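Student: I am new to this structure and would like to understand the words used for it. Could we go through them together?

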Amino acid sequence: MKMKTIKVGRNDPCPCGSGLKHKKCCLGKSDTGIEDLEASYFRKYNIRLKKAADIDGIRMAGRLVLDTLDLVESKIKPGITTDDLNTLAHEFTIKNGATPAPLNYRGFPKSICVSINEVICHGIPGNRVIKDGDIVNVDVTSILNGFYADANKTFFAGNPGPDARKIVVIARECLRRGMATVKPGNTIGDIGWNIQTYAEAQGCSVVREFVGHGVGFGFHEAPQIPHFGHKGAGIGLIPGMVFTIEPMINLGQKDLRILDDKWTAVTKDGRLSAQFEQTVLVTENGAESLTPYE
C-alpha cells in the first residue's frame, strides 16, 4: 500500500489525530507543511503502518486462523474437553508450517484460548468437559512466515438456551458495528463508542480491562482499541493501520475477576459472556478484514 501525504494549513486539525492544531503538533517536522504520516504515527504513537507486502503476509496468516477455527468448530460438541480442542488446533497449525502465538507467551501454557460461558477470555484448555447448551469461545492467533493474525468466535455446543443465544447475537453485532466504523477520518474512540452504545442499549455491558490491539509484526502492538469510549476521541485512523477489534460483552455487569491461574478472566456475577474478533486493516476508503467471516 502506497502511503499518502496530506497537506494541511497551520490552523487545521493535525492529521495525526492528536486533536491539536497542525502548527502546534507536526508542522515543525516539515518546512512545507506536508507531514509524513508513517513517520509521525511511529514517532508519536509507536504505531507501525503496514505496506502491501506486510498486508499480504498477515492475510495469509489470517486464512490459516480461519481454517483452524473452522476445524475446531466442526469438533465442538458435548463431551469433548477443551484440551481436545487445543490439541486439534496445535497439530493443525504446526502441520501448516505456522506457530501458535499463545503457546508460552508470557507463560501461557496452551496454543489457543477456550472460554466457556462465564469465562470472558484467556481460558486455559484443560480437562473441562463441554456440556450441552454451553457457549464456547475459541481464540486463535497464528504466526506464519513471521506475520501474525488473530481472530475468535463464540460457538454453541448442543442446544443453547435463550440467554446464550441473546449474548452471542449481541456480541457478534458489536463486532460488526465496530468494524463498520473503521475508515480514514474516524477515530479509535468512534469504534468504542459505537460498540458501547449498542451493547448497553441491549441491556448488556462491555468489559473494560481487555481491549483490541495492533497486530501483524507482533502479537500485541500499538495502538490499543478499547470497546468503549467517546465519539471523536483518540487517535485518528489512517490507511495501513492493522489492529484487532474483539469486544467482550457480558449479559450482566462488566466487572470481572481473575482466577488463581493468573490468566482466566470470569464475570464477577457469574453470568454469560461472549466475544467475536477479527483482524482489521484501515484502507484508503474504509476497512478490510484480514480474517473475514460472516
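Student: Why is Glu 173 called buried?

Tutor: This is a predicted model, and the value is computed from it. Glu 173 has a relative accessibility of 18%, and buried means under 20%. Because 18% falls under that cut-off, Glu 173 counts as buried.

Student: What makes Arg 177 and Glu 173 a salt bridge?

Tutor: Their side chains meet at 2.8 Å, N to O. The limit for a salt bridge is within 4 Å, so this pair qualifies. Both residues lie in helix 4 (residues 162-180), four residues apart, about one turn of the helix.

Student: And is Arg 177 buried, partly exposed or exposed?

Tutor: Arg 177 has 29% relative accessibility. Partly exposed lies between the 20% and 50% cut-offs, so Arg 177 counts as partly exposed.

Student: How do you know that Arg 128 forms a salt bridge with Glu 118?

Tutor: Look at the closest N and O atoms, which are 3.6 Å apart. That is within 4 Å, so the pair counts as a salt bridge. Arg 128 lies in the loop between strand 5 (119-121) and strand 6 (135-144), and Glu 118 in the loop between strand 4 and strand 5, so the pair ties together parts that are ten residues apart in sequence.

Student: Why are Arg 128 and Glu 118 called partly exposed?

Tutor: Arg 128 is at 34% relative accessibility and Glu 118 at 24%. Partly exposed covers what lies between 20% and 50%, so that word fits Arg 128 and Glu 118.

Student: What makes Lys 110 and Asp 83 a link between distant parts of the chain?

Tutor: They are 27 residues apart: Lys 110 is in the loop between strand 3 (99-100) and strand 4 (113-116), while Asp 83 is in helix 3. Their side chains meet in a salt bridge of 2.9 Å, N to O. Lys 110, at 21% relative accessibility, counts as partly exposed, and Asp 83, at 24%, is partly exposed too.

Student: How many salt bridges does the structure hold?

Tutor: It holds eleven. Arg 48, Lys 50 and Glu 221 are linked in a network of salt bridges.

Student: Helix 3 came up with Asp 83. How does helix 3 pack with helix 2?

Tutor: Helix 2 (residues 52-75) and helix 3 (residues 82-95) pack at an angle of about 145°, with their axes 10 Å apart. The residues meeting there include Leu 64 and Asp 67 in helix 2 and Leu 85 and Phe 92 in helix 3. The residues of this contact divide into seven nonpolar, two polar and two charged.

How values were computed. Residues are numbered from 1 along each chain as its sequence is written. This is a predicted model: local features need pLDDT of at least 70, side-chain atom pairs count only at pLDDT 80 or more; totals for chains, interfaces and linings use all residues. Side-chain values use heavy atoms; hydrogens and water are left out. Axes are lines fitted to C-alpha atoms, for helices over the stretch in contact, and angles run from 0 to 180 degrees between N-to-C directions. Helices (H or I, at least four residues) and strands (E, at least two) are DSSP runs, numbered from the N terminus. Contact means heavy atoms within 4.5 Å. Ala, Val, Leu, Ile, Met, Phe, Trp, Tyr, Cys and Pro count as nonpolar, Asp, Glu, Lys and Arg as charged, and the others, Gly among them, as polar. Buried means under 20% relative accessible area, exposed over 50%, partly exposed in between (1.4 Å probe, protein chains only).
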